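I set out to record what can be looked up in this structure. The entries below follow the order in which I consulted it.

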Amino acid sequence: PRRPARGAPPGAVSDRKGIFEQAHGGTVFLDEIAETTPAMQVKLLRVVQEGQIRRVGGRHQIDVDVRLILSTHRELEKEVEAGTFREDLFYRINVFPIRLPALRDRMEDIPLLADYFLKHFARKHARPANSISSSAMGLLMQYDWPGNVRQLENEIERAVTIAGIRKIIQPEHLSDKINLHARSMAMLPKGETRLSSAVAWVERLMIREALRELEGNRSAVARRLGLTRQGLLNKMKRYAIL
């Protein structure tokens with residue numbers, strides 16, 4: 001039987017291939033690179049700089065040749081300035097940066113992404129959902145998606161789960177945030193064209209709706225709306241919501 005290499009944690013074996021060794025000659029995708037620990041950044045720098053890895057508990061360096069694709073929602077330059085991301089690693093990986101616009105700035109992608117996620121989660125959860133109604137798609141197209149593609153992905157998975165045995169995703173299968181946003185936009189005063197006024201109108205409506213649904217529990221309302229409790233109180237004061 002294979003035994004753990006010296007220095008390896010219990011259950012580890014020295015000849016087990018890690019991610020980079022398995023990807024030799026191919027591509028490794030690392031999501032949210034800004035969230036890695038300082039220790040992990042040191043190891044990654046070694047791979048990028050020297051093209052070598054060492055297995056857990058192993059004694060020998062192993063050459064690897066991989067293409068790295070990294071993603072982050074943070075500004076890495078600012079993370080470097082703040083001291084939370086290694087400057088030398090940043091310059092090593094910042095070879096060909098691609099800045100992807102926010103989902104709200106490429107709304108034409110929503111139907112394609114929604115359809116892809118629908119098929120994926122229908123298979124994953126063994127549900128019959130195979131299409132999204134035009135009314136439900138209209139609501140998805142109206143929303144501004146502060147959480148970008150991940151939020152849309154989660155929304156579609158939730159809709160597939162809620163729809164159950166139904167084959168078509170309808171507006172009632174979408175989350176409260178999506179439906180509330182649509183209702184608030186429909187209720188905007190006619191002729192209102194100023195963005196600041198529209199935002200204030202939506203915020204006021206969402207806060208009142210959440211307070212009603214959560215029976216005035218301000219901490220719960222703040223969590224639902226993605227605010228701090230003090231931030232919620234400040235908005236309630238600004239909009240004279242008691």
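The entries go from the whole chain to its cores and then to single residues.

**Entry 1: overall account.** I note at the outset that the model is predicted. I counted 11 helices and 6 strands in its secondary structure. The protein has 242 residues, and 34% of them count as buried. I then looked up the exposed surface, which comes to about 16,100 Å², with carbon and sulfur atoms supplying 53% of it. For contacts with a separation of 6 or more, I found that 62% join residues 24 or more positions apart.

**Entry 2: nonpolar cores.** Which residues have the most contacts inside the largest nonpolar core? I recorded Ile-132, Leu-140, Trp-145, Ile-156, Ile-169 and Leu-174, in a core of 23 residues. At least two residues of this core come from each of helix 5, helix 6 (134–142) and helix 7 (148–163). Another core lies apart from it and has 17 residues, including Ala-23, Ile-33, Val-80 and Leu-89.

I took Ile-132 as a case to follow. With neighbours within four places in sequence left aside, Ile-132 is in contact with Ala-114, Leu-118, Met-137, Leu-140, Ile-156, Ile-168 and Ile-169.

**Entry 3: a nonpolar patch at the surface.** I next looked up a surface patch of about 410 Å², which is nonpolar and is made by Val-95, Phe-96 and Ile-98. Ile-98 is placed in the loop that runs between helix 4 (87–93) and helix 5 (110–124). Is Ile-98 buried or exposed? I entered Ile-98 as exposed, because its relative accessibility is 67% and the class begins over 50%.

**Entry 4: two residues of helix 2.** I looked up Arg-46 and found its place in helix 2. Its relative accessible area is 38%, so I listed Arg-46 as partly exposed. Leaving aside neighbours within four places in sequence, I found Arg-46 in contact with Gly-51 and Gln-52. I also checked Arg-46 against Leu-89, a residue of the 17-residue core. Arg-46 and Leu-89 are 43 residues apart along the chain, and their C-alpha atoms are separated by 9.2 Å.

Glu-50 is also found in helix 2, which covers residues 38–50. I listed Glu-50 as partly exposed because its relative accessible area is 46%. How far apart in space are Glu-50 and Asp-63, C-alpha to C-alpha? I recorded 8.4 Å for this pair, with their positions 13 residues apart in sequence counted as the separation.

Note on methods:
Residues are numbered from 1 along each chain as its sequence is written. This is a predicted model: local features need pLDDT of at least 70, side-chain atom pairs count only at pLDDT 80 or more; totals for chains, interfaces and linings use all residues. Side-chain values use heavy atoms; hydrogens and water are left out. Patches are made of residues with over 30% relative accessible area and no salt bridge: like charges are joined within 9 Å, nonpolar side chains (Val, Leu, Ile, Met, Phe, Trp, Tyr) within 5 Å. Accessible areas come from the Shrake-Rupley method with a 1.4 Å probe; for residues, only the protein chains shown count as cover. A salt bridge is a side-chain nitrogen of Lys or Arg within 4 Å of a carboxyl oxygen of Asp or Glu. Helices (H or I, at least four residues) and strands (E, at least two) are DSSP runs, numbered from the N terminus. Buried means under 20% relative accessible area, exposed over 50%, partly exposed in between (1.4 Å probe, protein chains only). A nonpolar core is a set of buried Ala, Val, Leu, Ile, Met, Phe, Trp, Tyr and Cys residues joined through side-chain atoms within 4.5 Å. Contact means heavy atoms within 4.5 Å.
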